[in-house]
Amino acid sequence: MKRSILLTVFTSVAMALFATTVAVASGEETMSSVSVSKFGATKEGDVVTAYTLTNANGLSAKILDFGGVLYEMNVPDKNGKFDNVSCNLATVAEYQTVRPYFGSLIGRYGNRIKLGKFKLDGKEYTLPITDKPNALHGGLKGFDQKIWDASASADANGAYLTLKYAAQDGEEGYPGKLDVVVVYSLKNDNSLTIDYTATTDKATPINLTNHTFWNLGGYKSGTIRDTILTLNAPKYLPTDDTLIPTGEIASVKGTPLDFTSAKAIGKEIDDVTEPQFHGGYDHCFVLADKPAGEMGLCAIAKDPKSGRVMTIETTEPAVQFYSGNFLDGSTGVDGYKYEKHSAFCLETQHYPDSPNQPSFPTTILKPGDTYRHTTVHTFSVEK
């Protein structure tokens, strides 16, 4: 059979249709596929479904409809051994209570907004304070806490999961009904693409991202201090002691934040001594200039032991590099405890606190316009 076979599964009926998993083949040969399984349930009793996308080379991405969590990303090392490089928690209940945002989709506004307040069109809006004294990652029940409508498919090029969520006007303090679509695409070139689009019926701030914690040695392999990182970011945003940008855009040259040439994350991590960063990196890096909305290189991360390489390209103007400074032993699968510096995040996004800083690129989405954001993670190995 030459044509692709399409599987569409909505959360509300998934468990009625599939007792365990269902495979979707895209042709006669072994190619891309999607499987569907029950993952668990929320404390409110809502069923959570897992969708596993697998490409023709055996790479797989397991994604939950709860929070759009990238639960697993299984890729081979230089010897062909597969391991999950996306850190995760064991149960839905932990995602609802611990909230390290492992793998989650973040919105309506990723990162921080100063004091949880902003003005738009002459009106002041107040948001929940989730990282005192500021608003962080969308609110008390942001997009990471929602069950998204999901549909999956596979074709000759890869496997796909489409997630949809409609945030209501006033939800978590934000104006406007916001209709969001996020598409995960695991393609046969070993890339995982995340495409975000959104529309609104009122002007509203928006800054969507994914908060995966990566460890390219495998999620249980310990410290990421030896990971070799390159950031295509000659500048960064200095912050105050609550991690709100001061408005300055500064050069990384001559600072521990200079990753314009490849170096180990741990090489100068101990030189980041400002107390608000808790012994590591949690900075918004400004990517090299490019036309707004066009793809550009963001980062290259390499694990020297396994040989795994992850290259990130994005349409966004910035990336939040976080070295897991506040990880404090949260327990994952098989009882593994995530300690400080056991994972890192590269969250492609706009600048924090942009609604309060007119000099920053705007994050205001207006009716009639469409928000678009694409980030591509490509996996390879070096022997």
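**Aromatic pairs in a predicted model**

Okay, let's start on the outside: the accessible surface of this protein comes to about 15,400 Å², and 50% of that belongs to carbon and sulfur atoms. Those areas come from the Shrake-Rupley method with a 1.4 Å probe, and for residues only the protein chains shown count as cover.

Before I go on, this is a predicted model, where local features need pLDDT of at least 70, side-chain atom pairs count only at pLDDT 80 or more, and totals for chains, interfaces and linings use all residues. Residues are numbered from 1 along each chain as its sequence is written, and side-chain values use heavy atoms, with hydrogens and water left out.

So what's the overall build? We've got two helices and 29 strands; these are DSSP runs, numbered from the N terminus, with helices being H or I of at least four residues and strands E of at least two. The C-alpha atoms fill a box of roughly 55 × 50 × 40 Å along the principal axes. Of the 383 residues, 57% count as buried, meaning under 20% relative accessible area (exposed is over 50%, partly exposed is in between; 1.4 Å probe, protein chains only). And if you take contacts with a separation of 6 or more, 66% are between residues 24 or more positions apart, a contact being heavy atoms within 4.5 Å.

Now, the rings. There are 17 aromatic pairs in the structure. Rings of Phe, Tyr and Trp (its six-membered ring) pair if their centres lie within 6.5 Å; planes under 30 degrees apart are stacked, over 60 edge-to-face, and the rest tilted.

Take F259 and F321: they're edge-to-face, 5.6 Å centre to centre with 80° between the planes. F259 sits in the loop between β19 (250-251) and β20 (263-264), F321 in strand β24 (residues 318-322), and they're 62 residues apart. Are they buried or exposed? F259 counts as buried, because its relative accessibility is 0%, and F321 is buried at 0% too.

F321 also pairs with Y281, and that one is stacked: 5.1 Å between centres, 25° between planes. Y281 lies in the loop between β20 and β21 (282-286) and F321 in strand β24, so this pair ties together parts 40 residues apart in sequence. Y281 is buried as well.

Back to F259 for a second: K263 lies over its face, 4.5 Å from the ring centre. The rule there is NZ of Lys or CZ of Arg within 6 Å of the ring centre and within 35 degrees of the ring normal.

Last one: ring pairs also link F102, F213, Y322, Y336 and Y338 into a cluster.
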